[in-house]
Amino acid sequence: MHIGETDSTNRWLRESPATDENVAIWADFQTAGRGCGTNTWESERGKNLLLSLLIHPTNIPANRQFLISEWISVALCELLESYIYNKVEIKWPNDIYVEGRKICGILIENRLQGDHIKDSIIGIGLNVNQQEFLSDAPNPVSLCQLLGHEVDREEVLQRFLQRKPLVSTLESIGVSYRNRLFLRGKLAEYQDCDGRFKGTLLDVEPDGRLVITDEEGRERRYAFKEVQFVLR
Ligand code: BTN
């Protein structure tokens, strides 16, 4: 379903009447687009894909909800690879990067029922045709900037919606996600609550925690927001 303007497509879905159907809603413009945490999401009117999906992944236990992040991140990498030759990577936990620049952000809001996921709202902000970014978001880039020409947003959306559903890819998703991890195996700088340090990104655990080996060989484990990448 397409709407011209709303405050946030994620909020729109969250406040819609409950349904067992899968729903996809996309907008031309958000007046209060939400990023992760307290961040906002910048998107010029009519230029990008602002999409939220409602899905019901009833077979995923609450303690494996990171699988949804893995699945959607890999699906978006594959979508982008059908347009560009550049390497598309996943910056943990689920930012999509091309050449060290962010092309897509994902905001996942799971609703739990007991030890299972009742439903999941997956918000996707994919930079398609925007050429100038005004917010202080680090290193944004769009498909248009990479390709040198505009791309039809609806065509991008249709290509994305035709991808395989979550259930059919669960077996292989962990490997695909880990193989695409930005800076995996490379020495890089990070910041945690004790300050900056250098380390090598080793892995992501099934619960989504990031594992970094520091220069003393110690393995450090982080939940989302407990560590930042220090990018130049
Ligand atoms: C991030 O901070 O990287 C996540 C950005 C997610 C933005 C998308 S745009 C569509 C959906 N609606 C929102 O308000 N946010 C998500």
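**Exercise 1. In this predicted model, find which residue of strand 2 stands opposite Glu-5, and describe how the two strands involved are connected.**

Solution. Begin with the residue itself: Glu-5 stands opposite Phe-29 in strand 2. Next, consider the pairing as a whole, in which strand 1 (residues 2-6) and strand 2 (residues 23-30) run parallel and are joined by 4 bridges. Finally, follow the chain from one strand to the other: together with helix 1 (residues 9-14), strand 1 and strand 2 make a β-α-β unit, and this unit is right-handed.

**Exercise 2. Determine the strand order of the open sheet of 5 strands, and explain why one side of strand 11 and of strand 12 is left without a neighbour.**

Solution. The order of the strands in this open sheet is 11-10-9-8-12, and the pairing is antiparallel. Strand 11 (219-222) and strand 12 (228-229) stand at the edges, where each has a single partner strand, and therefore one side of each has no neighbour in the sheet. Within the sheet, turn to strand 8 (residues 187-192) and strand 9 (residues 195-204), an antiparallel pair joined by 6 bridges. As a point of register, Leu-187 stands opposite Thr-200 in strand 9.

**Exercise 3. Characterise the surroundings of the ligand, starting from the residues that are closest and ending with the elements that supply the shell.**

Solution. First, list the neighbours: the ligand is surrounded by 20 residues, of which the closest are Ser-8, Gln-30, Arg-34, Cys-36 and Lys-102. Second, inspect the polar atoms, taking the nitrogen atoms of the ligand before its oxygen. A ligand nitrogen lies 2.8 Å from an N or O atom in the side chain of Gln-30, and a ligand nitrogen also lies 2.7 Å from a polar backbone atom of Arg-34. An oxygen atom of the ligand, in turn, is 2.6 Å from an N or O atom in the side chain of Lys-102. Third, consider burial: the ligand taken alone exposes 410 Å², and the protein buries 98% of that. The space that the ligand takes is the largest pocket. Fourth, assign the shell to elements: helix 1, strand 3 (49-55), strand 6 (101-113) and strand 7 (116-126) each supply at least two residues, and the largest share, 4 residues, comes from strand 6.

**Exercise 4. Locate Pro-93 and Leu-183, and state what is notable about the backbone at each.**

Solution. Recall that most residues other than glycine have a negative phi, and that most peptide bonds are trans. Against that background, Trp-92 and Pro-93 are joined by a cis peptide bond, with omega about 0 degrees, and Pro-93 has its place in the loop between strand 4 (88-91) and strand 5 (95-98). Leu-183, although not a glycine, has a positive phi of about 70 degrees, and its place is in the loop between helix 5 (170-179) and strand 8.

Definitions and conventions
Residues are numbered from 1 along each chain as its sequence is written. This is a predicted model: local features need pLDDT of at least 70, side-chain atom pairs count only at pLDDT 80 or more; totals for chains, interfaces and linings use all residues. Side-chain values use heavy atoms; hydrogens and water are left out. Two strands pair if DSSP finds at least two bridges between them. A crossover is right-handed if, with the strands pointing away from the viewer, the path from the first strand over the helix to the second runs clockwise. A residue is near a molecule or strand if one of its heavy atoms lies within 4 Å of it. A polar contact is a pair of N or O atoms within 3.5 Å; within protein, one must be able to donate a hydrogen and the other to accept it, and residues adjacent in sequence count only if both atoms are side-chain atoms. Accessible areas come from the Shrake-Rupley method with a 1.4 Å probe; for residues, only the protein chains shown count as cover. On a 1 Å grid over the protein atoms alone, a cavity is a set of points where a 1.4 Å probe fits but cannot get out, and a pocket is an open set with protein on both sides within 12 Å along at least five of seven lines; lining residues have an atom within 4 Å of a point. A molecule sits in a cavity or pocket if more than half of its atoms lie within 2 Å of its grid points.
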